[in-house]
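Me: I would like to go through the reasoning behind some labels in a structure, setting each value against its cut-off. Please take them one at a time.

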Amino acid sequence: MSRSKQSPSIGVDDLVGHLRDLASNLWWAWNEEGWSVFQSLDPNEWRATNYSPLGTLERTSHARLEVLACDPIFVKRVYDGLAARAAYLGERAWFQRGATAKQEGFRVAYFCSEYGLHESIQQYAGGLGILAGDHLKSASDLGIPLVAIGLAYRHGYYIQQLSRDGSTQVLYPEYDFNRWGLEDTHRTIACPIGSRLVTARIWRMWVGRVPLYLLDTDLKANAPEDRRLTEGLYKGEPLLRLRQQILLGVGGVLALKALGERVSVLHLNEGHAAFAAVQRALDVHSPGQPIQDSFDAVRRATVFTTHTPVSAGHDRYNSEMVVQELSGVMARSGLTPMQIADLGRIKAGDIKETFCMTVLALRLAERVNGVSKLHGEVSREMWKEFYGVPAAKVPIGSITNGVHVKTWIDPDAERFWKDEIALRLTKQAPTATGWRHAEDVSPTKFWALRSRLRHRMVHFVRDRLAIQCKRRGEGQGAVAETYSLLDEDVLTIGFARRFATYKRAPLVFHDADRLARILTNTDRPVQIIFAGKAHPRDEDGQVFVRQIFELTRDARFGGRVALIEEYDMHVGRMLVAGCDVWLNTPIRPYEASGTSGMKPTLHGGLNLSILDGWWPEASDGINGWNIGGTETFADTKLQDASDAANLYRLLEESVVPQFYEQDAAGIPHGWIARALHSAATVPPVFNSHRMVAEYTRKAYVPAHQIRGS
Ligand SMILES: *Cc1c(COP(=O)(O)O)cnc(C)c1O
């Protein structure tokens, strides 16, 4: 876009062309110069389409576009957005500036079953997808040569609506991939599943510099049951799930070949994609050679990240079913059915042992890591039998998760840190030392920021509650009442996460009367905002949702508990900005890492958490609170009682008093010191730039270097 070509007004067709161009790379999603252009098209449609650029553009009237095309300020913003993106894409980033950049042919293929990139692109269920999305954005920012593979789900995960009794309604909208800016590569692959070939179209989504390829089997050429392979995320029976995983792994490798994308390192993000390593081995295999040599070669260049500290959480399949479904893939491998089944077993020939995707991944990856130090330890213990060595010798390390700061920080907060401590987030480097100066800011100005963020969130939550209430047909009175719920200046606790049962959403209600006394104290009130979805088949998780729903209406709490439907990246972003305290109550050590608690700290929020996942690495006694220690009870009832008692004690004796210990001007200096310490200590470490740089240094580059030896 040369500056001389800029004119104060342009034709509508040109404007639309430029806007489509700006929407064609997800760069807009984490750069305000990108997304804010679409917001300005029509703020109401922007909200109504769940913040979709192309959705908003489609719904903007021709008359409005004509006005904008003649508005030099708007036209300049569009050009500036495109120019900023071009500068970003052309920049020599961290990786190119470093010594490791000279690796010949270095390129990583990143495989994951879900990607959480933006709320308008509903292709994620929870933390795994969010982490993968953040990984791609940081890989792009840092200039890591990386290409990503996934599936394009026509129905996404699901949309959650609650009925009048709090039961979950599962909605499956039909998404239009063109609306997401997906490009059709006009390439297809034929993926062997069982003894047939399933055709998949390959879509491309640009995530900054990183291409994300998504496979889609919803094509006329396929049998109806195969068309449904990419219908939804984590939907259906084991057989469907297994076939999806063959498509992801095997189909993904075939897609890279069809596209001419040469990669040197394979990263399996969770075991779902482990068949990719099998297909890579078959590709390098020549008949007559032992297949084990091919497995060894692939193994050297494969990185595997495990995310599951619970034994039951690992995908396991009936071995015969796996052998059957892999028959086409394995046709020329020379392996017997027993040898194929053994790939997913700890003990060769043990026909009672099911086929485990994690075991397959451990077998085919040299570099294996958990997602926090604690999870690394748990994983070493869990897989010692596979390696046949004591836990301390198990070769599983850890790379702690992080969040993509530009995605999760509120623009108001970003401006605040920029003005106060000259924090520059666009600087594309893994070190974020600027945060260390957070403690130097003016407490008064910081408190004003906190108040703005909390106020805005309370209004957002009230709006959502009113919409929910209307939809349930609850009548004018009830709808009007939602606008008086919650308080803008009250200590606000957030709990937003998947409603998997181990996360124990209802724990804070363990002693409901004691909680009621905390929430409704007239001088020092507290409010709690919940959001979260349970998997459609997780009945116990759905019960938790209903319990919380009922508790929001329990008179004892005086309207100080709210539950908003359809937790997604937008709801998440609002809550992590506005909440003063982020509550995390998993059963230790079931939370492999967790990442949501890293997000409030970008806004000076404080964690109140069980010592699980990433938190033990971050907690220093000032930047948040630990609920209990590391003691674990075999009896879950005792564990709940102990954890709940510790939680109440902290709330009563520390959290609430410190928030309300304010000076004459209403400034809580003790609280602010903690909050600023949280911002100074957590974001510099628990961000995805640091994480991706660590993967690059500890895993990708070593795997690339050793692969030929
Ligand atoms: C950050 C985030 C997650 C991950 O949160 P956990 O604490 O790891 O459960 C899940 N879903 C959404 C929408 C998020 O923003």
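**Labels and their grounds**

Reply: In this predicted model, R504 has a relative accessible area of 5% and is buried, because buried means under 20%.

Me: What makes D640 partly exposed?

Reply: The relative accessibility of D640 is 22%, and since partly exposed covers the range between 20% and 50%, D640 counts as partly exposed.

Me: Why is the contact between D640 and R504 called a salt bridge?

Reply: The side chains of D640 and R504 meet with an N to O distance of 2.7 Å, and because the criterion asks for a side-chain nitrogen of Lys or Arg within 4 Å of a carboxyl oxygen of Asp or Glu, the pair is a salt bridge. The two partners come from distant parts of the chain, 136 residues apart, with D640 in helix α27 (residues 636–660) and R504 in the loop between β14 (491–496) and α23 (512–520).

Me: How do you know which of E183 and R204 is buried and which is partly exposed?

Reply: With a cut-off for buried of under 20%, R204 at 19% relative accessibility counts as buried, whereas E183 at 29% counts as partly exposed. Their side chains meet in a salt bridge of 2.5 Å, N to O, which links strand β5, where E183 lies, to strand β6, where R204 lies, 21 residues apart.

Me: Why are β5 and β6 said to pair, and in which sense?

Reply: Pairing requires at least two bridges between two strands, and because β5 and strand β6 (residues 196–207) have 8 bridges, they pair, in the antiparallel sense. One of the partnerships joins C191 to V198 in β6.

Me: What makes β5 an edge strand of its sheet?

Reply: The open sheet has 9 strands in the order β5-β6-β7-β2-β1-β8-β9-β12-β13, with mixed pairing. Both β5 (183–193) and β13 (396–398) pair on one side only, and these are the edge strands.

Me: Where does the largest nonpolar core lie, and why is that its place?

Reply: This core has 139 residues, among which F111, F275 and Y700 touch the most other members, and helix α10 (residues 238–259) gives the most to it, with 10 residues. Domain 1 (12–91) and domain 2 (100–152 + 237–401 + 693–703) both give residues to the core, so it lies between them.

Me: Which residues are in contact with F111, beyond its neighbours within four places in sequence?

Reply: Leaving those neighbours aside, F111 is in contact with residues including I149, L248, V253, L256, L266 and A276.

Key:
Residues are numbered from 1 along each chain as its sequence is written. This is a predicted model: local features need pLDDT of at least 70, side-chain atom pairs count only at pLDDT 80 or more; totals for chains, interfaces and linings use all residues. Side-chain values use heavy atoms; hydrogens and water are left out. A nonpolar core is a set of buried Ala, Val, Leu, Ile, Met, Phe, Trp, Tyr and Cys residues joined through side-chain atoms within 4.5 Å. Buried means under 20% relative accessible area, exposed over 50%, partly exposed in between (1.4 Å probe, protein chains only). Helices (H or I, at least four residues) and strands (E, at least two) are DSSP runs, numbered from the N terminus. Domain bounds come from an automatic or database domain assignment. Contact means heavy atoms within 4.5 Å.
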